[in-house]
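Here are some short exercises to work through with the model open beside you. Try each task yourself before reading its solution.

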Amino acid sequence: MKFWKLGIIALCLTCLTACGKAQEPVLELEQSITKELPQTQQEEALQEEMPAAEFTFLVGSQPFDGGCLEIGGKHFAEKESLEKIPELNGKSSITLYRGGKEYVELGELCRTSDCEVLMDEERGVYILPREQHWQIPEGYEVPVLMYHGVSDDLWGMTELFVRPSVMEAQIQYLLDNGYTPIWFEDLPNVDKIEKPVILTYDDGYMDNYLELFPILQKYNVKATIFVVTGTIDYNPRSLTTEQIREMSDSGLVSIQSHTVSHGYLNAQTPEEQKYELTKSKVDLAAITGKDPCVICYPSGRFNDTTLELAKQYYAMGINMDGLLYVTGEDPYMVDRFYIRRQDSVGTIASYIQ
Ligand SMILES: [Zn+2]
């Protein structure tokens, strides 16, 4: 066959195909899909290649039960898992595909949802607060001991700094006498714990890492540190982000809130108090990946607004009244014994027996 004849046949076939497609709506749809697909696949391939980082998204005190991706400074969460959270009923127009799954941009979803989400988009921290009320068996005596610094470097009020050697002797005394140092988070199981006692350290001083933490590791003992988050990485006497993270990851130290600034909460407006309680929560979650559930009122000062906010964002509130805490009492006014530098092991014994 001559080449020009072949050319005409090819042209006719092309016209036929083109005309046929134009007349058939089904074919038209097919055509548009095949036209779109490569683009989407290309986009997906690009999205698959973009490096993703982890971030913190907590629902109540639990980590989000689905995939999280931080890509290009935006935070995405798996759509299917998000749909199981009734509070997040808003919309997000920004989506992303990865590994065959659809992800939704979390910031926009949170902003358009009819609920409160604590967000720190800069650090990638999202907390959907849910009221936490622990079921704690009643009538159990749980002495809570309040310390501050553990150091012989007395740069502040002397009584605030317990000697490291005395701290170790006190812990040895507790263990030798059958006490079990626990966290507040263990209280729902208090009925199964032998002679529970809670060791707390206020303010978040660096000596808690340098002096106290090695003792806790040596005896495998649990403690709680109440951190003033405004001082982290800022005050040279205070704990750093890395130190807090390491202690939290060790499984021995529970990192909890002592507000952002350590101001007297009872002297602040409701807005200021809300900032102190929620910002510190986000600050600590950004470091530990865990939602702080206990608030320690600075200098033991609080008012009705503080208690209302504490109930909204925390499971327990701690003061410093120098009394024995018995489970079943108001969980937002937990008493503690103040242990000073001059206190002997005998003093501790007299408090807790
Ligand atoms: Zn304090």
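The exercises below concern a predicted model, and each is followed by a worked solution.

**Exercise 1. Find which side chains R111, R123 and R336 meet in salt bridges, and describe each pair.**

Step 1. Begin with the total: searching the whole structure turns up 16 salt bridges.

Step 2. One of them joins the side chains of R111 and E121, with 3.0 Å from N to O. This pair links distant parts of the chain: R111 belongs to helix α4 (residues 106-112), while E121 sits in the loop between β7 (118-120) and β8 (125-128), 10 residues apart. R111 counts as exposed because its relative accessibility is 51%, and the cut-off for that class is over 50%. E121, at 34%, counts as partly exposed.

Step 3. R123 meets D120, with an N to O distance of 2.5 Å. Here R123 is partly exposed at 40% relative accessible area, whereas D120 is buried at 14%. Look a little further and you will find a network of salt bridges that links D120, R123, K279 and D283.

Step 4. R336 pairs with D202 at 2.8 Å, N to O. R336 lies in the loop between β19 (325-326) and β20, and D202 in strand β14 (residues 196-203), so this salt bridge ties together parts that are 134 residues apart in sequence. Both partners are buried: R336 has a relative accessibility of 1%, and D202 has 2%.

**Exercise 2. Work out what surrounds the buried residue D343.**

Step 1. Locate the residue. D343 is in the loop between β20 (337-338) and α10 (345-352).

Step 2. Look for a charged partner. D343 has no salt bridge although it is buried, and R340, the nearest side chain of opposite charge, is 4.4 Å away. A salt bridge has to fall within 4 Å, so this separation does not qualify.

Step 3. Now check the backbone. A polar atom of the D343 side chain lies 2.7 Å from the backbone nitrogen of R340.

Step 4. Finish with the contacts. Once neighbours within four places in sequence are set aside, D343 is in contact with V166, Q170 and Y338.

**Exercise 3. Decide whether G67 is buried or exposed, and find what it touches.**

Step 1. G67 lies in the loop between β2 (62-63) and β3 (68-71).

Step 2. The relative accessibility of G67 is 18%, so this glycine counts as buried; the cut-off is under 20%.

Step 3. Leaving out residues up to four places away in sequence, G67 touches F76, A77, E78 and Y103.

Step 4. Take Y103 from that list. Y103 and G67 are 36 residues apart along the chain, yet their C-alpha atoms are separated by 8.3 Å.

**Exercise 4. How many cavities of 30 Å³ or more does the whole structure hold, and which residues line the largest cavity?**

Step 1. Count them. The search of the whole structure finds 1 cavity of 30 Å³ or more.

Step 2. Give its volume. The largest cavity holds about 40 Å³ of space.

Step 3. Trace the lining. The residues are G60, P129, R130, E131, Q132, K281, D291, Q312, Y313 and Y314. Try selecting them in your viewer to see where the cavity lies.

Technical notes. Residues numbered from 1 in each chain as written. Predicted model: local features only at pLDDT ≥ 70, side-chain atom pairs only at ≥ 80, totals over all residues. Heavy atoms only, no water. Helix = DSSP H or I, 4+ residues; strand = E, 2+ residues; numbered from the N terminus. Buried < 20%, exposed > 50% of the residue type's maximum accessible area, 1.4 Å probe, protein only. Lys, Arg positive; Asp, Glu negative; His and termini not counted. Polar contact = N/O pair within 3.5 Å; in protein donor to acceptor, adjacent residues only side chain to side chain. Contact = heavy atoms within 4.5 Å. 1 Å grid on protein atoms, 1.4 Å probe; cavity = no way out; pocket = protein on both sides within 12 Å on 5 of 7 lines; lining within 4 Å. Points joined across faces, edges and corners; volume = space filled by probe spheres on them.
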